[in-house]
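Work through the exercises below with the sequence and the coordinates at hand. Each task is followed by a solution in steps.

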Amino acid sequence: MKKIQTASLICALLTAGLAFSSCESLKKMVANHPTMAKYVATPNPLEMQGDKIKVEIKGNYQPKYFAKKAVVVLQPALNYEGGSVLMKPVVLRGEKTKGQGTLIGSANGGSFTYNDEIDYMEGMDQSRLVLNPVAYMEKKAKNMQVTNEAEASQVAGNVRLGETPVAQGTMITSTRIDNMGAALATEEHGYETETVIPHDATIFFLVDMANLNWNLPLNKKAETKAGIKALDSLFKTGMQIKQVQINAWASPEGEESRNQNLSDNRVKTGEKYFKDAYNKILNQRARALKVKANSLKQDLDIQTKSMGEDWDGFIADLRASSIADKNTIINVISSHTDKATREQEIRNMTVIYKEIEDEILPSLRRSEIHVDFLEPKRPDEQIAEYALTAPDSLKLNELLYGATLNEDPAQQLTIYRSAIRIYPDDFRAYVNAAALLLKEGNTDEAQSMLETANGMQPNNVHILNNMGAVALAKGDYTNAKSLFESASCPEAQENLGIIAIKEGRYNVAVSQLSAKTCRYNLALAQLLNGEIDQAKATLNCMEMKTAGSYYLLAVCAARQDNKAEAIEALTKAVAENAALKAQARKDIEFAKWAYETDFQNVLR
């Protein structure tokens, strides 16, 4: 009986000793936690990225800190004025425990890396990320499934290791997107400042001749006469002539040097005819206007070229002819590289095939006159004036062009409204007017105009892009992204860079926004991507700096720890927009100077 009582007493003492030992191990962990446990959060302060706050924590425990049979459950909490959000837990285990989790050695210590993200909520800019791990001895959990701090707190004998702040505040600079900064697409006016009216006339010649003979059958053909007559009619209009090109050829059956002379003389005949015809009409117009002919005469640019034998024309006409043996003839002629031999072959063929002499060769003996006339245009000054004062007197393209001649956006909008009134069935004026309305912040009317334009021209890329800009201006990033993706124009590709900022893909944003420099949203993307010097250069080259651009310059300076530069930029920002003072007071970007007098003076 005494042996049994002794054994029970020894067992009780051992149990108590073990319990005391366990309790002491946890107490040591609590006591040593501030000095032997280290947690580093990256970044610190935290940073909002793509509507999320991403957290990385690296923990390190020194040797002889972690109890061999202990389990620690660590669950970061982000505390802010609106509440507290628990992040996912991580389980750390001593080397003599079993189960899931990261093992931490006792003799040598150990480390862990933790990553998580949570949705950003209003007020989290003013926040604290804290850790207060729960530790317990594994044997106390028995059959419990412990996966988080709440469950760990139910284990008998658990302790809190002590609250440790690891990050203070959240930078929300990524929210400073300029939603009104989308690239806007406009439709071309379609007006040609120079409209060329080309005209061709042809003069044909007898074989071995270069004189002008209107009785030649080819010159009496209706199409030949029409070309000459139309040339006279165009002269009579008094239109400016941009250039004149006169070329001449000979048929290739004669001797080469003779044919070259014929070609030279036919060019001269063509040029003489052109000048005579031009001067004749010029004198008629001068008499009708009762002015001197020289006052109407233009300084003509007449270019002439003697083309020699027309081998290409011969082969092309032969191939297009109905001569039965044309392919054989072409092969025979083409097989000779010597021009004299080819000329002789053609002469031989004309004896056998009368069609070559009658149908192919005559049309090659010619002089072609090509004239580029310039359609009369109103002077730009007149178009610009009429676009405002007499829009009904202008054609649609003239009216749209007139808007581009005016630098005042308000007057441009007036012109586009006139175009809509006079030409309501053309979508272009609606698109361009909507772009101007968007720039002045009138999103509702811009949207209405774009919807009208889309009804006329569904899925037009410029309309889709600008509809995306409307959605962006209203903060509807989802719809804006869909519309930009549907619009395959450069403006839409640029605007997808703005969406990339919102999504936290800063390197993509920089790439897509770099098509145009000196833009606010490009600078924002560069700053968020860690390219601070580039962001400053982008902001400084902006022609019209805004309160927002000055504020962003201040953030750039703060991230480079340049207090003087930050204060200078912030002073300009709040001078433009006093509402930024309240934002700057709470902005974690400036937290290190929040209680300094010179900084506070700027924000009073």
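Is Asn540 buried, partly exposed or exposed? The model is predicted, so local features need pLDDT of at least 70 and side-chain atom pairs count only at pLDDT 80 or more, while totals for chains, interfaces and linings use all residues. Residues are numbered from 1 along each chain as its sequence is written, and side-chain values use heavy atoms, with hydrogens and water left out.

**Exercise 1. Classify Asn540 and describe its surroundings.**

Step 1. Asn540 has a relative accessibility of 46% and therefore counts as partly exposed, given that buried means under 20% relative accessible area, exposed over 50%, and partly exposed in between (1.4 Å probe, protein chains only).

Step 2. Asn540 belongs to helix H22, where helices (H or I, at least four residues) and strands (E, at least two) are DSSP runs numbered from the N terminus.

Step 3. Once neighbours within four places in sequence are set aside, Asn540 is in contact with Lys545 and Leu553, contact meaning heavy atoms within 4.5 Å.

Step 4. Between Asn540 and Ala523, which are 17 residues apart along the chain, the C-alpha separation is 9.7 Å.

**Exercise 2. Determine how H22 and H23 are arranged.**

Step 1. The two axes come within 10 Å and cross at roughly 155°; axes are lines fitted to C-alpha atoms, for helices over the stretch in contact, and angles run from 0 to 180 degrees between N-to-C directions.

Step 2. H22 and H23 are therefore roughly antiparallel to each other, because angles under 35 degrees count as roughly parallel, over 145 as roughly antiparallel, 65 to 115 as roughly perpendicular and the rest as oblique.

Step 3. The crossing of H22 and H23 is left-handed, a label used if the near helix is turned anticlockwise from the far one by less than a right angle, with right-handed used if clockwise.

Step 4. On the H22 side the meeting residues are Ile532, Ala535, Lys536, Leu539 and Asn540, and on the H23 side they are Ser549, Leu552, Leu553, Cys556 and Arg559. These divide into six nonpolar, two polar and two charged, where Ala, Val, Leu, Ile, Met, Phe, Trp, Tyr, Cys and Pro count as nonpolar, Asp, Glu, Lys and Arg as charged, and the others, Gly among them, as polar.

**Exercise 3. Find the disulfide and account for Cys556.**

Step 1. The structure holds one disulfide, defined as a pair of cysteine sulfur atoms within 2.5 Å. Cys518 and Cys541 form the disulfide, at an S to S distance of 1.9 Å.

Step 2. This pair links distant parts of the chain, 23 residues apart: Cys518 is in the loop between helix H20 (506-513) and helix H21 (520-528), and Cys541 in the loop between helix H22 (532-540) and helix H23 (547-559).

Step 3. The torsion about the S-S bond of Cys518 and Cys541 is about -125°, so the disulfide is left-handed.

Step 4. Cys518 is partly exposed at 27% relative accessible area, and Cys541 is also partly exposed, at 35%.

Step 5. Why does Cys556 not bond to Cys541? The sulfur of Cys556 lies 13 Å from the closest cysteine sulfur, that of Cys541, which is too far for a bond. Cys556 counts as buried, with 0% relative accessibility.

**Exercise 4. Describe the packing of H5 on H6.**

Step 1. Helix H5 (residues 222-237) and helix H6 (residues 256-289) pack with their axes 9 Å apart, at an angle of about 40°. H5 and H6 are therefore oblique to each other, and their crossing is right-handed.

Step 2. H5 contributes Ile228, Leu231, Asp232, Phe235 and Lys236 to the contact, and H6 contributes Tyr273, Phe274, Ala277, Tyr278, Ile281, Gln284 and Arg285. The residues of this contact divide into eight nonpolar, one polar and three charged.

**Exercise 5. Locate unusual backbone geometry.**

Step 1. Most residues other than glycine have a negative phi, and most peptide bonds are trans.

Step 2. A cis peptide bond joins Thr42 and Pro43, with omega about -5°, and the bond from Asn44 to Pro45 is cis, with omega near 5°. Pro43 is in the loop between strand S1 (37-42) and strand S2 (46-49), and Pro45 is in the loop between S1 and S2.

Step 3. Lys64 has a positive phi, near 65°, and is exposed at 72% relative accessible area. Asn459 has a positive phi of about 65° and is exposed at 61%.
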